[in-house]
Amino acid sequence: MLPFLLRRTFGAVVTLVLLSAFTFFVFFSVGDPAMMACGKNCTADNIALIHQNLGLDKPVPVQYWTFLVGIFAGRDFTLGHCSAPCFGYSFTTKQDVWSTMMDRLPTTASLAIGGAIAFLVIGLGAGLLAAWKRGTALDKAVTGVSMILSSVQIYILGPVVLGIFVYSGLMAAPKYVNLTSSPAGWFMGLLIPWLVMSTIFTAQYTRMSRSTMIEQLQEEHVRTAKAKGMPAGYVFMRYAWRGSLIPIVTILGMDLGALFGGAMITEFTFQLAGLGRLAIDSVTTLDLPMVMGVLVFSAALILVFNIIVDAAYAFIDPRVRLS
């Protein structure tokens, strides 16, 4: 198990380096970041000064190497010393990139974690119920609703939900409230974004959990447990449900990236100041340090979650643990 995790970790590091290098070099093919940092009424002398202060006067490979070293050792800028992990200073706001991301992280983390809990609880619960009542009107209703919801997009459903619940005065506009200061305000402020963002995932996991559970109910060990006279509910949860989790955990690891993408669209739709909104604004203004910071940090989180999901296989399926 340990050698496998070490290989996955090494692969994750290589992936991060290649991803950051590709983004770094492509970014400079779009235009000169100093022009965006300087503003409209900018002279050639001002641009040259910005190049010198931000290290843009050096070759791009040297700039990338300096960027990598700064993440682990920190860097010195004319704006001050940037302690590790250092992603530099924003071209537009002149703020420390790491500090800015940490200020935005609670919003995105709350949105992503809450949305994941929502679609897992609702999706898996509805799928298990449909499998338990297979062939009934309830099963057909759950399957039909999941098919409809799977075709609804966040940027379409979001404004519709806002019009029904917010603009009509039934609920307050979504906003992020610090969890420690007001748990109730935090929950109510993100309830609508959670439900909207989890809609597509809920439909997907409903169909998936239903199909995998039906397959598990046909397995030999499940039928053997039934033949021994074990209660149907016990067999359903103890044997069939556990086996059905394997493909679900696999898809969950793959959906982590999509979950962050959904959080980005959700933040933009509901005007929430998270990492997704920060990434969109940074790309628009060609703010390279901020783009690189959000990209590397988000990719690292996704890769870490994928490694955790791989390790979780051993606890769910004994066959993985033995191999």
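In the predicted model, Gly114 counts as buried, because its relative accessibility of 13% falls under the 20% limit for that class. Gly114 is placed in helix H5, which covers residues 97–132. When neighbours within four places in sequence are left aside, the residues in contact with Gly114 are Ala109 and Trp194. Gly114 and Cys86 are 28 residues apart along the chain, and their C-alpha atoms are separated by 29 Å.

A second buried position is Ser282, with a relative accessible area of 4%. Ser282 is located in helix H12, formed by residues 275–284. Residues up to four places away in sequence not being counted, Ser282 touches Asp287, Met290 and Val291.

Considered as a whole, the protein contains 14 helices and 2 strands. The C-alpha trace spans about 85 × 55 × 35 Å along its principal axes. Of the 323 residues in the protein, 42% are buried. The exposed area of the protein is about 17,100 Å², and 69% of this area is supplied by carbon and sulfur atoms. With regard to contacts between residues at least 6 apart in sequence, 67% join residues at least 24 apart.

The packing of two helices was then examined. Helix H8 comprises residues 183–197 and helix H9 comprises residues 199–217; their axes lie 4 Å apart and form an angle of about 45°. H8 is therefore oblique to H9, since an angle of this size is neither under 35 degrees nor within the range of 65 to 115 degrees. On the side of H8, the contact is made by Leu195, Val196 and Met197, while H9 contributes Thr199, Ile200 and Phe201.

The structure holds 2 salt bridges. In one of them, the side chains of Asp139 and Arg210 meet at an N to O distance of 2.7 Å. Asp139 belongs to helix H6 (residues 137–149) and Arg210 to helix H9, so this pair ties together parts that are 71 residues apart in sequence. The two partners fall into separate accessibility classes: Asp139 is buried, with a relative accessible area of 3%, whereas Arg210 counts as partly exposed at 22%. Arg210 is not classed as buried because its value is not under 20%.

In the other salt bridge, the side chains of Arg277 and Asp281 meet at 3.7 Å, N to O. Both residues lie in helix H12, where they are 4 residues apart, or about one turn of the helix. Asp281 is partly exposed, its relative accessible area being 35%. Helix H12 thus holds this salt-bridged pair and also the buried residue Ser282.

At the surface, a nonpolar patch of about 750 Å² is made by Tyr155, Ile156, Val160, Ile164, Phe165, Leu170, Met264 and Ile265. Two helices, H7 (154–166) and H11 (232–270), each supply at least two residues of the patch. The largest share comes from H7, which provides 5 residues. One of the patch residues, Tyr155, lies in helix H7. Tyr155 is classed as exposed because its relative accessible area of 51% is over the 50% limit.

Definitions and conventions. Residues numbered from 1 in each chain as written. Predicted model: local features only at pLDDT ≥ 70, side-chain atom pairs only at ≥ 80, totals over all residues. Heavy atoms only, no water. Patch = residues over 30% accessible without salt bridge, like charges linked within 9 Å, V, L, I, M, F, W, Y side chains within 5 Å. Areas by Shrake-Rupley, 256 points an atom, 1.4 Å probe, with all protein chains shown as cover. Salt bridge = Lys/Arg side-chain N within 4 Å of Asp/Glu carboxyl O. Buried < 20%, exposed > 50% of the residue type's maximum accessible area, 1.4 Å probe, protein only. Axes fitted to C-alpha atoms, helices over the stretch in contact; angles between N-to-C directions. Parallel < 35°, antiparallel > 145°, perpendicular 65-115°, else oblique. Contact = heavy atoms within 4.5 Å.
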